[in-house]
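This report looks at how two parts of one chain are arranged and at a few residues around them. Please keep the sequence and the structure in view while reading.

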Amino acid sequence: MDRIVANTGSASDVLGATRQRPARRRPARRLGTKGLLAVTNGVLAGVGGVYLTTVSLPATGIAAAAAVIIGGLAVIVHR
């Protein structure tokens with residue numbers, strides 16, 4: 001007859017079994033102070049560049065609005 005044996009031991013009880021390391025967690029991709037400063041400087045440089053190139057207030061306003069939207073999205077995505 002077949003004998004049924006309950007498995008009461010752990011994997012480390014088995015000969016030759018190795019203990020597995022827990023999987024490492026990836027660090028959170030947060031936008032820190034340096035990243036926020038880089039986004040802000042990029043926005044200011046872009047708007048200043050548009051103004052110096054075109055000397056047009058409407059074009060500068062549109063560029064500023066676009067830069068704020070893109071910079072805001074960059075901050076939101078990296079939270």
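Is Gly48 buried, exposed or partly exposed? Gly48 is partly exposed, having a relative accessible area of 29%, and its place is in helix H1. The model is predicted, and the descriptions below should be read with that in mind.

## The helix pair

Helix H1 covers residues 33–54 and helix H2 covers residues 57–77, and the two pack with their axes 9 Å apart at an angle of about 165°. Because that angle is over the 145 degrees used as the limit, H1 counts as roughly antiparallel to H2. The crossing of H1 and H2 is right-handed.

For H1, the distance from its first C-alpha to its last is 32 Å over 22 residues, which is close to the 32 Å expected at 1.5 Å a residue.

## The contact between H1 and H2

On the H1 side, the contact is made by Leu36, Val39, Val43, Val47, Val50, Tyr51 and Thr54, while on the H2 side the residues met are Leu57, Ala59, Thr60, Ala63, Ala64, Ala67, Gly71 and Val75. Sorted by character, the residues of this contact comprise 12 nonpolar, 3 polar and no charged. An α-helix has 3.6 residues a turn, so residues three or four places apart point the same way.

Thr60, which lies in helix H2, can be examined in more detail. With a relative accessible area of 11%, Thr60 is buried, since this value is under the 20% limit. Leaving aside residues up to four places away in sequence, Thr60 touches Val47, Val50, Tyr51 and Thr54, each of which is also listed among the H1 residues of the contact.

## Residues of H1 and their distances to H2

Two residues of H1 can be related to H2 through C-alpha distances. Gly48, already introduced as partly exposed, has its C-alpha 9.4 Å from that of Ala63, and the two residues are 15 residues apart in sequence. Leu44, whose place is also in helix H1, is exposed, with a relative accessible area of 58%. The C-alpha atoms of Leu44 and Val68 are separated by 9.5 Å, and these residues are 24 residues apart along the chain.

## The loop between the helices

Val55 lies in the loop between H1 and H2, just after H1, and takes a positive phi of about 50° although it is not a glycine. Most residues other than glycine have a negative phi. Val55 also counts as exposed, at 60% relative accessibility.

## The segment before H1

Which residues does Leu31 touch, not counting those up to four places away in sequence? They are Leu36, Val39, Ala74, Val75 and His78. Leu31 has its place in the segment before H1, and among the residues it touches, Leu36 and Val39 belong to the H1 side of the helix contact, whereas Val75 belongs to the H2 side.

Between Leu31 and Val75 the C-alpha to C-alpha distance is 6.7 Å, although the two are 44 residues apart in sequence. Leu31 is partly exposed, with a relative accessible area of 29%.

Conventions:
Residues are numbered from 1 along each chain as its sequence is written. This is a predicted model: local features need pLDDT of at least 70, side-chain atom pairs count only at pLDDT 80 or more; totals for chains, interfaces and linings use all residues. Side-chain values use heavy atoms; hydrogens and water are left out. Axes are lines fitted to C-alpha atoms, for helices over the stretch in contact, and angles run from 0 to 180 degrees between N-to-C directions. Helices (H or I, at least four residues) and strands (E, at least two) are DSSP runs, numbered from the N terminus. Angles under 35 degrees count as roughly parallel, over 145 as roughly antiparallel, 65 to 115 as roughly perpendicular and the rest as oblique. A crossing is left-handed if the near helix is turned anticlockwise from the far one by less than a right angle, and right-handed if clockwise. Contact means heavy atoms within 4.5 Å. Ala, Val, Leu, Ile, Met, Phe, Trp, Tyr, Cys and Pro count as nonpolar, Asp, Glu, Lys and Arg as charged, and the others, Gly among them, as polar. The expected span of a helix is 1.5 Å times one less than its number of residues. Buried means under 20% relative accessible area, exposed over 50%, partly exposed in between (1.4 Å probe, protein chains only).
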